Amino acid sequence: MNRIFKIVLLLCIWGCSSKSFDSKEELWEYIRNEDHDYLQTKSVNGYDFSLLYKPTDLLVDQELGDDKGSNKVEDLRTKYRKYLYFTLSMSKDNKELLSVTPKNRQEFGSMVNELAFGMGKKVHLLSPKKDTLELLDYVYPRMYGMSRNTSMLFVYPRDEKFLNEDYLSVVIGDLGTYTGEVKFKVPTKLLKNEPTINFK
């Protein structure tokens with residue numbers, strides 16, 4: 001009986017452990033595969049929404065540059081592991097929102113203002129009990145019609161109380177797109193056992 005218990009325990013540990021990849025390209029390929037749930041997509045009223053959880057090591061790799069020393073890697077992991085990073089992309093007909101949604105100059109100005117300064121009131125990360133995890137920051141790079149979508153990065157604290165839930169919900173309010181609220185359910189096991197890069 002002891003032997004069977006040990007085998008089951010080892011299988012559980014192996015199944016719950018995070019995957020490691022030899023390059024950022026391999027990691028990107030893995031998380032962009034919707035079968036793994038790091039990327040989720042929805043189409044509502046002609047608009048396409050995608051939510052991608054960005055693992056810590058992608059931020060680490062971005063800052064590392066050519067310096068792959070183990071001390072630097074661990075320092076950066078400690079720095080970035082305190083937070084959760086989500087990339088939200090929205091489009092219609094493969095164009096960014098500002099190119100297709102506003103009907104006049106006033107609506108255009110209003111949407112620019114909302115995208116640049118008001119998304120903290122439009123995008124929420126919630127527990128199943130409807131507790132809200134505070135947004136720390138978000139980044140909205142203006143692409144001036146040169147991109148196929150409106151994409152922004154949202155940063156939240158890695159709060160253990162929230163991670164103890166089975167899932168978290170990312171809720172996007174209507175941005176004048178007449179889509180109503182768009183909701184994504186993110187299993188917390190993905191955030192606790194996120195894939196890594198095997199830095200050499």
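1. Strand S3, covering residues 47-53, and strand S4, covering residues 83-92, run antiparallel and are joined by 7 bridges. Within this pairing, serine 50 has serine 89 of S4 as its bridge partner. The model under discussion is a predicted one, and the remarks below should be read with that in mind.

2. The S3 and S4 pair belongs to an open sheet of 5 strands with antiparallel pairing, in which the strands follow the order S2-S3-S4-S8-S7. Because strand S2 (39-44) and strand S7 (137-139) each have a single partner strand, they stand at the edges of the sheet, and one side of each is left without a neighbour there. From one strand to the next, the twist averages 20°.

3. Turning to the interior, the largest nonpolar core comprises 53 residues, and those with the most contacts inside it are Phe86, Met119, Phe154 and Tyr156. If residues up to four places away in sequence are set aside, tyrosine 156 touches Lys82, Tyr83, Leu84 and Phe86, together with Val123, His124 and Leu125, and also Leu133, Glu134, Leu135 and Leu136.

4. In helix H2, which spans residues 24-31, the buried residues are Leu27, Tyr30 and Ile31. These residues lie on the same side of H2, because the arc they cover around the axis is only 90°. The elements that cover the buried residues of H2 include the strands S1 (20-21), S2, S3 and S11 (196-197), as well as helix H3 (56-64). Two of the sheet strands named above, S2 and S3, are thus among the elements covering the buried residues of this helix.

Note on methods
Residues numbered from 1 in each chain as written. Predicted model: local features only at pLDDT ≥ 70, side-chain atom pairs only at ≥ 80, totals over all residues. Heavy atoms only, no water. Pairing = 2+ DSSP bridges. Helix = DSSP H or I, 4+ residues; strand = E, 2+ residues; numbered from the N terminus. Axes fitted to C-alpha atoms, helices over the stretch in contact; angles between N-to-C directions. Core = buried A, V, L, I, M, F, W, Y, C linked by side-chain atoms within 4.5 Å. Buried < 20%, exposed > 50% of the residue type's maximum accessible area, 1.4 Å probe, protein only. Contact = heavy atoms within 4.5 Å. Arc of directions from axis to C-beta.
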